[in-house]
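Student: I am new to this structure. Please take a close look at one part of it, the nonpolar core. Then place that part in the rest of the model.

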Amino acid sequence: MTVNMTKGQAISLQKDDGGSLTSVRMGLGWQAAPRRGLFGSRTREIDLDASAVLFADKQPVDVVFFRHLVSDDGSVRHTGDNLVGGVGQGGDDEAVLVDLQRVPVHIDQIVFTVNSFTGQTFQEVQNAFCRLVDETNGQELARYTLAGGGAFTAQIMAKVHRVGQGWSMTAIGSPANGRTFQDLMPAILPVL
């Protein structure tokens, strides 16, 4: 059963049977919003990029994105760059896989971002979402839908963070500006 999350909401990643999730996929999806022009509506391709920044005690220690597809320890993996979005009806355009059991113990948070490398704003994007899927059985656990567009080029979408011996997910949904994850660091640090 999927939890439709609101900004700031957190959910535990414990399974119903009391066990912990072992492998999750953070999927990101989006579509180009139609633009009205002299000759009717049309869309242009939107290149958004998903990134996962791994933190230890509020310090970035690794990142996974389209130019660095696997974390140095191998626990986090990006499935590859999508240059246009809109792959399917609600399907993932880009995804980051996290093997929670392999994440080194000193990593306490993984923050997921999406940014427009080409500088297009979210006013040109519609149906943007991030979702968390139990990778062992394909069950969607949580979904956070970006409401409305905006004159920003990035979004701090969500984070997965340690809580005791387990993990939780928090929907962040903070708009930001930047073309790369490095540009987003000032916006990420306050949500840690």
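Tutor: Some vocabulary comes first. Strands are DSSP runs of E with at least two residues, helices are runs of H or I with at least four, and both are numbered from the N terminus. That is how to read a name such as the loop between β6 and β7, where D57 is placed.

The model is predicted, so keep confidence in mind. The protein averages a pLDDT of 82, and 82% of the residues score at least 70. Confidence is highest in β7, at a mean of 97. Strand β5, residues 40-42, has the lowest, at a mean of 51. Where pLDDT is low, the predicted coordinates should not be read in detail.

Now the overall frame. The protein has 14 strands and one helix. Of its 192 residues, 52% count as buried. The accessible surface comes to about 9,100 Å², and carbon and sulfur atoms hold 50% of that surface. Among contacts with a separation of 6 or more, 69% join residues 24 or more positions apart.

Next, the core itself. In soluble globular proteins, nonpolar side chains tend to be buried together. Here the largest nonpolar core has 40 residues, and V98, I110 and M169 touch the most other members. Eight strands each supply at least two residues of this core: β3 (23-32), β6 (48-56), β9 (94-99), β10 (109-116), β11 (125-134), β12 (139-145), β13 (154-163) and β14 (166-176). Strand β3 gives the largest share, five residues.

Zoom in on V98. Leave out residues up to four places away in sequence, and V98 touches T22, S23, V24, S75, V76, V103, I110 and F112. One of these, I110, is another of the residues that touch the most other members of the core.

A second core stands apart from this one. This separate set has 14 residues, including V63, V111, F181 and L192.

Look at W30 next. W30 sits in strand β3. Its relative accessible area is 2%, so W30 is buried, the cut-off being under 20%. The C-alpha atom of W30 is 9.5 Å from that of L146, although these residues are 116 apart along the chain.

Now turn to the rings. The structure holds four aromatic pairs. F66 and F117 make one that is edge-to-face, with 5.7 Å centre to centre and 75 degrees between the planes. This pair links distant parts of the chain: F66 is in the loop between β7 (59-64) and β8 (76-78), F117 is in the loop between β10 and β11, and 51 residues separate them in sequence. F66 is partly exposed, with a relative accessible area of 22%. F117 also has 22% and is partly exposed.

Another pair is stacked. F122 and F152 lie 5.1 Å apart centre to centre, with 25 degrees between the planes. F122 is in the loop between β10 and β11 and F152 is in the loop between β12 and β13, so this pair ties together parts that are 30 residues apart in sequence. Both F122 and F152 are buried.

Ring pairs also build a group. They link F65, F66, F117 and F181 into a cluster. One member, F181, belongs to the second core as well.

Charges meet rings too. R179 lies over the face of F117, at 4.9 Å from the ring centre. R143 lies over the face of F129, at 4.3 Å from the ring centre.

F129 leads on to D92. The C-alpha atoms of D92 and F129 are 8.9 Å apart, with their positions 37 residues apart in sequence. D92 is found in the loop between β8 and β9. At 18% relative accessibility, D92 falls under 20%, so D92 counts as buried.

Finish back at the loop named at the start. D57 has a phi near 50 degrees, a positive value in a residue other than glycine. K58 is in the loop between β6 and β7 too. The phi of K58 is near 65 degrees, again positive in a residue other than glycine. D57 has a relative accessible area of 63%, which is over 50%, so D57 is exposed. K58 has 47% and counts as partly exposed. Compare that with W30, buried at 2%.

How values were computed: Residues are numbered from 1 along each chain as its sequence is written. This is a predicted model: local features need pLDDT of at least 70, side-chain atom pairs count only at pLDDT 80 or more; totals for chains, interfaces and linings use all residues. Side-chain values use heavy atoms; hydrogens and water are left out. A nonpolar core is a set of buried Ala, Val, Leu, Ile, Met, Phe, Trp, Tyr and Cys residues joined through side-chain atoms within 4.5 Å. Buried means under 20% relative accessible area, exposed over 50%, partly exposed in between (1.4 Å probe, protein chains only). Contact means heavy atoms within 4.5 Å. Rings of Phe, Tyr and Trp (its six-membered ring) pair if their centres lie within 6.5 Å; planes under 30 degrees apart count as stacked, over 60 as edge-to-face and the rest as tilted. A charge sits over a ring if NZ of Lys or CZ of Arg is within 6 Å of the ring centre and within 35 degrees of the ring normal. pLDDT is the predictor's confidence in each residue, from 0 to 100. Accessible areas come from the Shrake-Rupley method with a 1.4 Å probe; for residues, only the protein chains shown count as cover.
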